[in-house]
Amino acid sequence: MNVLICIAKVPDTTTKITFTENNTQFNTDRVQWVINPLDEFALTRAIEIKEALGGTITVMNVGLADTEPLIRKAFAIGADEGIRINAEPTDCFFVASQIAHYAKEGNYDYIFAGRETTDYEGAQVGGIVAEFMGIPFIAGVPKFDYDGTTATMEREIEGGKEVITVNPPFLASIQEGVTEPRIPSMRGIMSARTKPLTVVEPVEAGSFVGVNSYELPPAKGDCKYVDAENSEELINLLHNEAKVI
Amino acid sequence: MAVLVYADNSGGSVPNSALEAVYYASKVAAEKGTETIAVVIGALDNAILESLGNYGADKVLHYSDDKLSDFDSQSYTRVVSDAINSTGANVIIFSHNYASKSIGPRLSAKLQAGMAVAVMGLPKIDGDSLTIRRTVYAGKAFADVTISSAIKIIAVTPNAFSPEVTDKKAAVEPASVDLTDSDFGMKITDTNKVTDKVSLTEATVVISGGRGLKDASNWDMLEEMADMLGAATACSKPVADMGWRPHSEHVGQTGITVRPNLYFAIGISGAIQHLAGVNGSKIIVAINTDSEAPIFKAADYGIIGDAFEVVPRLNTAIKNLNG
Ligand SMILES: Cc1cc2nc3c(=O)[nH]c(=O)nc-3n(C[C@H](O)[C@H](O)[C@H](O)COP(=O)(O)OP(=O)(O)OC[C@H]3O[C@@H](n4cnc5c(N)ncnc54)[C@H](O)[C@@H]3O)c2cc1C
Ligand SMILES: Nc1ncnc2c1ncn2[C@@H]1O[C@H](COP(=O)(O)O)[C@@H](O)[C@H]1O
């Protein structure tokens, strides 16, 4: 079983978001970078399945050399191999074009992406890769099983969920629920240094969406407190003052 | 060149979020001086299809092939790209939901089209490029982005636009596309639709509970409040992790992003990852025993108190209000 996990680099979820260069750049000062949490869930689920069925798990990232510590982190968690496509990830289309190009060579049974990144939240890379490869794409999967021939998964549609079965190859974008992340073991951390990390060069690809500038939302006004003894007053305020009920 | 909008068919009705998308599309079309064409897939009453005109659609292309009864990103993408080809549309609008996340990226690859999601404002169109405002960093900031491809895909945030309704009727045209086996990649073995509940992303009021509620059974009083207000229920991540509530109700940075008019955070501390998914809400109400809980910094209204005493009193007050 060959599995590919696409991993993105994002700021830690507790990062205070600010901008520089006249609000045109994200302020990376003192930011701690992590693997996109949903990608880490995807990786962990793939490792659990590998423990039952055997196989090789490859992680792929489009990024410059500064993403290598995150690929090593994925090794420590349990990935076997890594591929870094040496390019600045400009937009979803560009990133997905790179991944699709190299994924086609890999003969993977299935590919996981995260449903979206926690920073730019494109929610597109997985679907674009799937279309370029001409394979099924299931968006937003909170439950995933694979028996070596067929995958059974849940997906959340508007107002409900569906259980679906798909045969490889396919791409699923993973969301919360598939499993809990693992803390790397000492053995994992030791072996991470020696696992193979291949660096490849990007192919020609378009990039169609660019950020001109950022803006922070206006600061929230003060909280208006209602006495617990007088809780009913809150309903009155929501009805007559805020007019939301 | 026309503006095309994908209008979701949610088991025989068109959800509000899709009506907002149709309305948004008609605004973009007006700016471009062109027509608004809606694409609808699956069985739906003609009266409902015509009523999309109320929200600004000039024409509705209705694909009702039986083979399309199951949502498959491949076959649905075939349909929407067929509609794009037959109408020559160069701007495609979705509501930012399951369908947009499944079809949008595939169209992007097929048509070399840039896509902007979580869109909050109408576009500025300047020749071939289009600039638009969206949220990024889980709602912690806005970004103005430019799409420079010839075909552009836009997914608008639910609850961000309120349609003005007219009595215009749309012209409905049946449409079809030849689907082959290669357009289908998956089999749906079980569907579990919660039809009597308000969908979380569309809800205008959300009642959310955290670890402070101590046990799954204590959601009864939240459900009661939700029923009276026509609201959806939600929860924090640990609540879903402990299995008190389903993961589909978990909001936040790694869960669902909601932006209702009113968000009740009950027994929720207000961790940064939680706020990320809810701070687009118009009004936030916090109920917490701890006056230092960070949720009060994000809240518009707060009650420092025990949820088990406060919520029943609120429920009584709502009952009185509803008469
Ligand atoms: C990578 C990552 C991603 C994450 N993503 C998310 C996410 O998407 N969504 C999310 O929610 N969290 C997320 N978290 C977790 C987040 O950091 C917090 O741990 C979580 O939000 C806390 O949930 P809580 O407020 O329910 O629980 P707690 O923090 O335990 O808060 C419980 C609150 O209830 C109050 N309380 C207790 N008793 C009562 C009572 N009787 N009446 C009223 N109030 C009472 C307490 O004062 C307290 O403030 C994430 C964390 C990480 C590291
Ligand atoms: N630079 C990248 N390198 C590898 N995978 C990525 C990259 N960016 C995004 N992805 C993958 O695509 C998913 C969705 O990202 P996005 O479409 O940008 O929201 C992520 O969760 C990753 O799995």
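How much area is buried between domain 1 of chain B and domain 2 of chain B, and what percentage of that area do carbon and sulfur atoms give? In this predicted model, the buried area is about 540 Å², and carbon and sulfur atoms contribute 48% of it.

**The two domains of chain B**

The domain assignment of chain B places domain 1 at residues 3-183 and domain 2 at residues 205-322. Eight residues from domain 1 of chain B and seven residues from domain 2 of chain B take part in the contact. Taken over C-alpha atoms, the centres of domain 1 of chain B and domain 2 of chain B are separated by 32 Å.

On the side of domain 1 of chain B, three residues supply more of the area buried against domain 2 of chain B than any other three: B:Ala138, B:Lys140 and B:Asn159, with 69%. No salt bridges are found across the interface of domain 1 of chain B and domain 2 of chain B; the count is zero. The count of residue pairs in polar contact across this interface, with both residues at pLDDT 80 or more, is also zero. The residues of domain 1 of chain B that touch domain 2 of chain B comprise four nonpolar, three polar and one charged.

**The interface of chains A and B**

The next interface is that between the two chains. The size of an interface is often given as the accessible area lost when the parts come together. Between chain A and chain B, the buried area is about 7,100 Å², with 56% given by carbon and sulfur atoms. The contact involves 77 residues of chain A and 83 residues of chain B.

Eight salt bridges are counted between chain A and chain B. A salt bridge joins B:Lys110 to A:Glu131, with the closest N and O atoms 4.0 Å apart. Between chain A and chain B there are also 34 residue pairs in polar contact, both residues being at pLDDT 80 or more.

**The ligand sites**

Ligand 1 has 28 residues around it, of which B:Ser236, B:Ser269, B:Gln273, B:His274 and B:Asn288 come nearest. The site of ligand 1 is shared between chains because residues from chains A and B surround this ligand.

Ligand 2 is surrounded by 21 residues, the closest being A:Cys6, A:Asp39, A:Val62, A:Ala123 and A:Gln124. The table lists polar atom pairs between protein residues and the two ligands.

| Residue | Residue atom | Ligand atom | Distance |
|---|---|---|---|
| B:Arg211 | polar backbone atom | oxygen of ligand 1 | 2.8 Å |
| B:Lys214 | polar side-chain atom | nitrogen of ligand 1 | 2.9 Å |
| B:Gly267 | backbone N or O atom | oxygen of ligand 1 | 3.0 Å |
| A:Asn36 | side-chain N or O atom | oxygen of ligand 2 | 3.0 Å |
| A:Asp39 | polar side-chain atom | oxygen of ligand 2 | 2.4 Å |
| A:Gly122 | polar backbone atom | oxygen of ligand 2 | 2.9 Å |

For ligand 2, the accessible area of the ligand on its own is 480 Å², and the protein covers 95% of it. For ligand 1, the area exposed by the ligand taken alone is 990 Å², of which the protein buries 77%.

A:Asp39 appears twice in the description of ligand 2: this residue is among the closest to the ligand, and a polar side-chain atom of A:Asp39 lies 2.4 Å from a ligand oxygen atom. In the site of ligand 1, B:Arg211 and B:Gly267 each place a backbone atom by a ligand oxygen, at 2.8 Å and 3.0 Å respectively, whereas B:Lys214 approaches a ligand nitrogen through its side chain.

Technical notes. Residues numbered from 1 in each chain as written. Chains lettered and ligands numbered in written order. Predicted model: local features only at pLDDT ≥ 70, side-chain atom pairs only at ≥ 80, totals over all residues. Heavy atoms only, no water. Domains from an automatic or database assignment. Contact = heavy atoms within 4.5 Å. Buried area = accessible area lost by both parts, 1.4 Å probe. Salt bridge = Lys/Arg side-chain N within 4 Å of Asp/Glu carboxyl O. Polar contact = N/O pair within 3.5 Å; in protein donor to acceptor, adjacent residues only side chain to side chain. Nonpolar A, V, L, I, M, F, W, Y, C, P; charged D, E, K, R; others polar. Near = heavy atom within 4 Å. Areas by Shrake-Rupley, 256 points an atom, 1.4 Å probe, with all protein chains shown as cover.
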